[in-house]
Amino acid sequence: MTAGDGNQLISVHPEDLKFIFELEKQSFCDLKVANNTEHHVAFKVKTTSPKKYFVRPNTGVIQPWDSCVIRVTLQAQREYPSDMQCKDKFLLQSTIVPPHADVDELPPDTFNKDSDDKVIHDRKLRVVYIPPSSTQGNSEDEGLKGSTQSPDANSAVQSLKDERDAAVRQTQLLQQELDLLRRRRYRKSDPGFSLMFAFVVGLIGIMVGFLLNLSLSSPSTE
């Protein structure tokens, strides 16, 4: 789509507004609008359901050979449309404005077709709802297709998984052995055990010494 196609001032991509439709969830679609002329071009976005969509920016001025992105947000809906068909329409209007024109200073009749010397270009955009299941199905189909096309890759992945599981099991065994060695070492170096043993040995020594001293200090019966 160039300036020569139907004498359009701007080109739009994509040509349809496509939204992934899920209940109670917002969805958005970005439109790239390009100015294909040497003039400053103003645009305005209109819709048949203004309460249903949020458009930013809905009005703007594009410099020559420049472009901008318009984000259209579908507000969260509480029910599915009939057969997932949408009858909403969007209209993108464009017209040439003076150089260095500011969007906030555009006259109110900028997109008014009543003026004889003004040319307004209209481009209609359809709205398409896409169920989320279809996008998930496509990704799953691609994944299955990739797995059937490369059996060698599947076997290599399985081999890596087996090696990983074996390494995990070996690590667990080493960890158990390390814990056992730590417990044994702790028991041998238990300070409570060492102090108790020294106390008992000392007590026995004191008692033995006391008995020896008592026997030596006793008077002879002879």
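## Two sheets and a shared nonpolar core

Leaving aside neighbours within four places in sequence, Phe21 is in contact with Leu74, Gln77, Glu79, Tyr80, Pro81, Met84, Tyr129, Ile130, Pro131 and Pro132. The model in which these contacts occur is a predicted one. Phe21 lies in the loop between β2 and β3. Its relative accessibility is 2%, and because buried means under 20% relative accessible area, Phe21 counts as buried. Between the C-alpha atoms of Phe21 and Ala76 there is a separation of 8.9 Å, although the two residues are 55 residues apart along the chain.

The strands are described next, sheet by sheet.

One open sheet consists of 4 strands in the order β1-β3-β7-β5, and its pairing is antiparallel. Its edge strands are β1 and β5, each of which pairs on one side only. From one strand to the next, the twist averages 20°. Within this sheet, β3 and β7 run antiparallel and are joined by 8 bridges; Lys32 stands opposite Val69 in β7. Strands β5 and β7 also pair in the antiparallel sense, over 4 bridges. Here Tyr53 has Leu74 in β7 as its bridge partner.

Another open sheet is formed by 5 strands in the order β2-β9-β8-β4-β6, with mixed pairing. Strands β2 and β6 (59-62) stand at the edges; each has a single partner strand, so one side of each is left without a neighbour in the sheet. The twist in this sheet averages 25° from one strand to the next. Strands β8 and β9 run antiparallel and are joined by 6 bridges, and Lys89 stands opposite Arg126 in β9.

In a regular strand, side chains alternate between the two faces of the sheet.

The largest nonpolar core has 24 residues, and those with the most contacts inside it are Phe19, Tyr53, Val72 and Phe90. The elements that give two or more residues to this core are β1 (10-13), β2 (16-20), β3 (27-35), β4 (40-47), β5 (53-56), β7 (67-74), β8 (89-97) and β9 (121-130). The surroundings of Phe90 give a view of this core. With neighbours within four places in sequence left aside, Phe90 is in contact with Leu17, Val45, Lys46, Thr47, Tyr53, Val55, Val72, Arg123, Lys124, Leu125 and Val127. Two of these partners, Tyr53 and Val72, are also named among the core residues with the most contacts inside it.

A polar residue, Thr95, is found in strand β8. Thr95 counts as buried, at 2% relative accessibility. The side chain of Thr95 reaches the backbone oxygen of Val119 at 2.9 Å. Beyond its neighbours within four places in sequence, Thr95 is in contact with Leu9, His40, Val41, Ala42, Thr110, Phe111, Lys118, Val119 and Ile120.

The cysteines form 0 disulfides by the distance rule applied. Both Cys29 and Cys86 are nevertheless buried. Their values appear below with those of the two buried residues discussed above.

| Residue | Relative accessible area |
|---|---|
| Phe21 | 2% |
| Thr95 | 2% |
| Cys29 | 7% |
| Cys86 | 16% |

Key
Residues numbered from 1 in each chain as written. Predicted model: local features only at pLDDT ≥ 70, side-chain atom pairs only at ≥ 80, totals over all residues. Heavy atoms only, no water. Core = buried A, V, L, I, M, F, W, Y, C linked by side-chain atoms within 4.5 Å. Buried < 20%, exposed > 50% of the residue type's maximum accessible area, 1.4 Å probe, protein only. Contact = heavy atoms within 4.5 Å. Pairing = 2+ DSSP bridges. Polar contact = N/O pair within 3.5 Å; in protein donor to acceptor, adjacent residues only side chain to side chain. Axes fitted to C-alpha atoms, helices over the stretch in contact; angles between N-to-C directions. Disulfide = S-S within 2.5 Å.
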